[in-house]
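Me: I have a model open and want the reasons behind the labels put on it. Take me through them one at a time.

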Amino acid sequence: MQRLQAYKYELMPGGQQKRDMSRFAGSCRFVYNKALALQKERYESQGKKHSYSALCKLLTQWRASFETPWLCDSPSQALQQSLKDLERAYANFFAKRAEFPRFKRKGVRDSFRYPQSQQIKLDEANGRIFLPKLGWMRYRNSRNIQGQVRNATVSLRAGKWFVSIQTEREVDQPLPEATSAIGIDVGIARFATLSDGSYLAPLNSFKRHETALRKAQQSLSRKEKFSSNWRKAKRKVQRLHARIGNARHDYLHKATTTISQNHAMVCIEDLQVRNMSKSAGRNVRAKSGLNKAILDQGWFEFRRQLQYKLDWNGGMLIAVPPQNTSRTCPACGHVSKDNRRTQAHFACVECGYENNADMVGAINILRAGHARLACEVNPDVGISSRNPPR
Ligand SMILES: [Zn+2]
């Protein structure tokens, strides 16, 4: 099987290279936003949007136009990739995997991508990389890559530039070492509850950082805009954002690595973005604004990582429909919303079985996963939702 892997390094650019990278990222953002505005307008007036190839033709015009001559200074492939990104954002939206594409803002995930391996030269021995229109640049080589280079993405985070190199290599189809199966329920009070009784702490458990961030944001809002103190405060906010992001990132990676190594079959609910906020239930704070965004993002990232890590380990991820997983009694099969009078506790009105509600969800998800698997192996086996197989 083909194994894709990404390696991320901090770049050590010169002054001119820094300025160029900022400009390239700015041009890519410009192209993305301009194309998004066009698509919205066309969709509203004609009920359809431009094809990717039509957008590429428009991009050629923009590059030649007198209004935006500076677009020519950026690598054309990188600009085209912005259009690809927009296509993907629309596809994700139509498949209900994501919200409607949003306009990109300056300073938020500034990045651009070189899609072709032939354009990139990697000199690992000397810790340097060649990128079109930027030339050779040194990077902090923390580990050598494995496989063939496919593409490279340059991004700015908290004032530092990074390159993420994606590689591809052929590896043997692994056999799973673990043999067990597990169900996972995601939630607010606990980020994830496993059917074996273990659980992961909530993603917003980085309280200490968040308090610091809130303070830094307040201090920023009191400064005179664009003054040198404002700039200093702004940098601090960015650094804190990055630190919280990194902590979450590490946390999710550790969790998904452990789960995918210990279980051959992992069952989860097939949640979509719009359902997720619903599954947040009565937790109003978590439903609103940033918290909700972080949760949704965390769950999607969790699933994405589980999927590819299970692929690597020869395991299997099974997504089951979320119907009734929180209302079905694992002991007697009785389905009722009365079984769950509170968010946290499950008590069957039929047989009196009691347990943590998330734990019940995880058990039901595991059963639904087993049932689905049985169905795929032998299509004659019917499933009754009232009495899921054990
Ligand atoms: Zn019961």
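Reply: Start with a sheet. This is a predicted model, and in it seven strands form an open sheet in the order β2-β6-β7-β1-β5-β4-β3, paired antiparallel. From one strand to the next the twist averages 30 degrees.

Me: What makes β2 and β3 the edge strands?

Reply: β2 (111–114) and β3 (121–123) each pair on one side only.

Me: How do you know that β3 and β4 are paired?

Reply: Pairing needs at least two bridges between two strands. Three bridges join β3 to β4 (residues 128–131), and the two run antiparallel. Therefore β3 and β4 count as a pair. One of the positions to look at is D123, whose bridge partner in β4 is R128.

Me: Y9 is in a strand of that sheet. Why is Y9 called partly exposed?

Reply: Y9 lies in β1 (residues 2–12). A residue is buried at 20 or more other C-beta atoms within 10 Å and exposed at 12 or fewer. Y9 has 19 C-beta neighbours inside 10 Å, so the label is partly exposed.

Me: Which residues does Y9 touch, leaving out those up to four places away in sequence?

Reply: Y9 touches Y139, R140, N141, S142, F162 and V163. Y9 and I165 are 156 residues apart in sequence, yet their C-alpha atoms are 8.3 Å apart in space. For the protein chain, 62% of the contacts with a separation of 6 or more are between residues 24 or more positions apart.

Me: What is unusual about the backbone at K133?

Reply: The phi of K133 is positive, near 65 degrees, and K133 is not glycine. Most residues other than glycine have a negative phi. K133 is found in the loop between β4 and β5 (135–139). K133 has 17 other C-beta atoms within 10 Å, so K133 is partly exposed.

Me: And F226: what is its phi, and why is it called exposed?

Reply: F226 also has a positive phi, near 65 degrees. F226 lies in the loop between α4 (207–222) and α5 (228–262). The cut-off for exposed is 12 or fewer C-beta neighbours; F226 has 8 inside 10 Å, so F226 counts as exposed.

Me: Now the helices. How do you know that the span of α3 is close to the expected one?

Reply: α3 (residues 76–94) has 19 residues and reaches 28 Å from its first C-alpha to its last. At 1.5 Å a residue the expected value is 27 Å, and the span of α3 is close to that. After α3 comes K96, with a positive phi near 65 degrees.

Me: Which residues of α3 are buried, and what covers them?

Reply: A78, L79, Q81, S82, L83 and L86 are the buried residues of α3. Their cover includes α1 (15–46), α2 and β2.

Me: How is the packing of α2 against α3 described?

Reply: Two packed helices are described by the angle between their axes and the distance between the axes. The axes of α2 (residues 52–64) and α3 come within 10 Å and cross at roughly 140 degrees. The crossing is right-handed. Y52, L55, C56, L59 and R63 in α2 meet S76, L79, Q80, L83 and E87 in α3. By class, that contact has six nonpolar, two polar and two charged residues.

Me: What makes the pairing of the other sheet, β10-β9-β8-β11-β12, mixed?

Reply: This open sheet has five strands. β8 and β11 (residues 265–269) pair in the parallel sense over four bridges. β8 and β9 (residues 192–194) pair in the antiparallel sense over three bridges, and a hairpin of five residues joins them. I184 stands opposite L194 in β9 and opposite I268 in β11. I182 stands opposite V266 in β11.

Me: Why are β10 and β12 placed at the edges?

Reply: β10 (199–200) and β12 (316–320) each have a single partner strand, so one side of each is left without a neighbour in the sheet.

Me: What makes β8 mostly covered?

Reply: Five of the six residues of β8 (residues 181–186) are buried. For the protein chain, 26% of the 390 residues count as buried.

Technical notes:
Residues numbered from 1 in each chain as written. Predicted model: local features only at pLDDT ≥ 70, side-chain atom pairs only at ≥ 80, totals over all residues. Axes fitted to C-alpha atoms, helices over the stretch in contact; angles between N-to-C directions. Left-handed = near helix turned anticlockwise from the far one by under 90°. Contact = placed C-beta atoms within 7 Å. Nonpolar A, V, L, I, M, F, W, Y, C, P; charged D, E, K, R; others polar. Expected span 1.5 Å × (residues − 1).
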